[in-house]
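Subject: Structure handover

Hello,

Here is the structure I promised you. Please open it first, then read my notes below.

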Amino acid sequence: MIFINYATKSENRCARCTASCDHQGNRTRENFLDRLGKLIHDTQTDCFAWALIPNHVHLLLRTGLIPVSVLMSRLLTGYAVWFNKKYRRHGQLFQNRYKSILCQEDPYLKELVRYIHLNPLRARLVEDIKTLDKHPWCGHSVLMNKTKQVWQNVDYVYGLFSEKIRLARKRYRVFVGKGILEGKRSDLTGGGLLRSIGGWTILKGLRKAGIWVKGDERILGDSDFAENVLKAAEEELEQKYDLKARGYDFDRVTQRVAKVMAMEIEQVMAFGKSPQTVKARSLLCFWAHRKLGMTTIEIGKRLNISQSAVSRSSLRGQKIERENRFELIELNA
């Protein structure tokens, strides 16, 4: 489960606005949500909560078929291109990279749904919870059945409160209401491992005593959860270093694809729509991107295709590898 926090810092909102900039009207927000909804549907990503605030966007997602980083890249790039064309402007639209926090689901899902959906109230975009119930730019109104967004996973959130929808909706609203007086929650911004041991003071004391622990402000969860996340990330990074140490680059990966697919290298690199070529290039995109660590831009330049085409091919390639039990590194290598 990943908590996305995106905010620009520019004072010029007309030139550097996000999807929720009031000055540009509802069309920009609707376009942003339409793009988000299509991506969520196509990638089978779960969206539990969302809120569009002027110059600010909050999303609570659970990864689907592609990494959330790829989804966000496609979302922001596509929206920026549309916005620049519509308003006849040029240059960068989003100034800052979004902030993502990996969250432990069980203890934090309900809290994060409430925290995100109270954002319009904290930002004084609505006067009270009754107005929030109908606010169209926040997932709370969807859960209250006042607006519709088919891509929002309302059933899962309802299930946290009751198996009966009406009772779940009632309990959810009471739960949200109780959070109004809490204001901003610093405990919902990452660094779960640090908090689990008592904060920086205790952590520094442990270090002075020669005891070292791992922590990351991008992780929201208990000590075991943070440790497992960091371990998995470290293993993935070590795998990429291992591949490069073995001499694997794009050309070497291409050779391996040609071998497992029983094709010539020229056939793998050829631009065509034959099923075998598409399958080979998809596997190549997956291995180069997810295993070797190349960016979609780098791969796109090598194959003369767009970033979005690389992302789609990588997704197919992951399925091809799993179904055929292909291995990038030969067992006897």
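Which residues have the most contacts inside the largest nonpolar core? They are Phe-32, Leu-33, Leu-36, Trp-50, Leu-60 and Val-113, in a core of 50 residues. A nonpolar core is a set of buried Ala, Val, Leu, Ile, Met, Phe, Trp, Tyr and Cys residues joined through side-chain atoms within 4.5 Å. Buried means under 20% relative accessible area, exposed means over 50%, and partly exposed is in between (1.4 Å probe, protein chains only).

Before you go on, two notes on the source. This is a predicted model: local features need pLDDT of at least 70, side-chain atom pairs count only at pLDDT 80 or more, and totals for chains, interfaces and linings use all residues. Residues are numbered from 1 along each chain as its sequence is written, and side-chain values use heavy atoms, with hydrogens and water left out.

**The cores**

Helix α2 (residues 68-86) gives the largest share of the 50-residue core, with nine residues. Helices (H or I, at least four residues) and strands (E, at least two) are DSSP runs, numbered from the N terminus. Look at Leu-36 next. Leaving out residues up to four places away in sequence, Leu-36 touches Leu-59, Leu-71, Leu-75 and Trp-151. Another core lies apart from this one. That other core has 24 residues, including Val-268, Leu-283, Cys-285 and Leu-292.

**The whole protein**

The protein has 16 helices and five strands. Of its 333 residues, 46% count as buried. Take the contacts (heavy atoms within 4.5 Å) with a separation of 6 or more. Residues 24 or more positions apart account for 67% of them.

**The cavities**

Rolling a probe the size of a water molecule over the atoms shows where empty space is left. A cavity is a set of points, on a 1 Å grid over the protein atoms alone, where a 1.4 Å probe fits but cannot get out; lining residues have an atom within 4 Å of a point. Grid points are joined across faces, edges and corners, and a volume is the space filled by probe spheres set on the points.

There are two cavities of 30 Å³ or more. The largest has a volume of about 60 Å³. Its lining includes Leu-65, Pro-67, His-289, Arg-290 and Gln-318. Both α14 (275-291) and α16 (307-324) supply at least two lining residues. The largest share, four residues, comes from α16. By type, the lining has five nonpolar, four polar and one charged. Here Ala, Val, Leu, Ile, Met, Phe, Trp, Tyr, Cys and Pro count as nonpolar, Asp, Glu, Lys and Arg as charged, and the others, Gly among them, as polar.

**Cysteines**

How many disulfides does the structure hold? It holds zero (a disulfide is a pair of cysteine sulfur atoms within 2.5 Å). Cys-138 is buried because its relative accessible area is 0%. Cys-285 counts as buried too, at 1%.

**Single residues to look at**

Most residues other than glycine have a negative phi. Ala-262 has a positive phi of about 55 degrees. Ala-262 sits in the loop between α12 (250-260) and α13 (265-269). With a relative accessible area of 72%, Ala-262 is exposed. Asn-145 also has a positive phi, near 65 degrees. Its loop runs between α6 (139-143) and α7 (154-159). At 39% relative accessibility, Asn-145 is partly exposed.

Last, find His-56 in strand β3 (residues 56-62). His-56 is partly exposed, at 21% relative accessibility. His-56 and Asn-119 are 63 residues apart in sequence, and 9.8 Å apart in space, C-alpha to C-alpha.

Best wishes

Key
1 Å grid on protein atoms, 1.4 Å probe; cavity = no way out; pocket = protein on both sides within 12 Å on 5 of 7 lines; lining within 4 Å.
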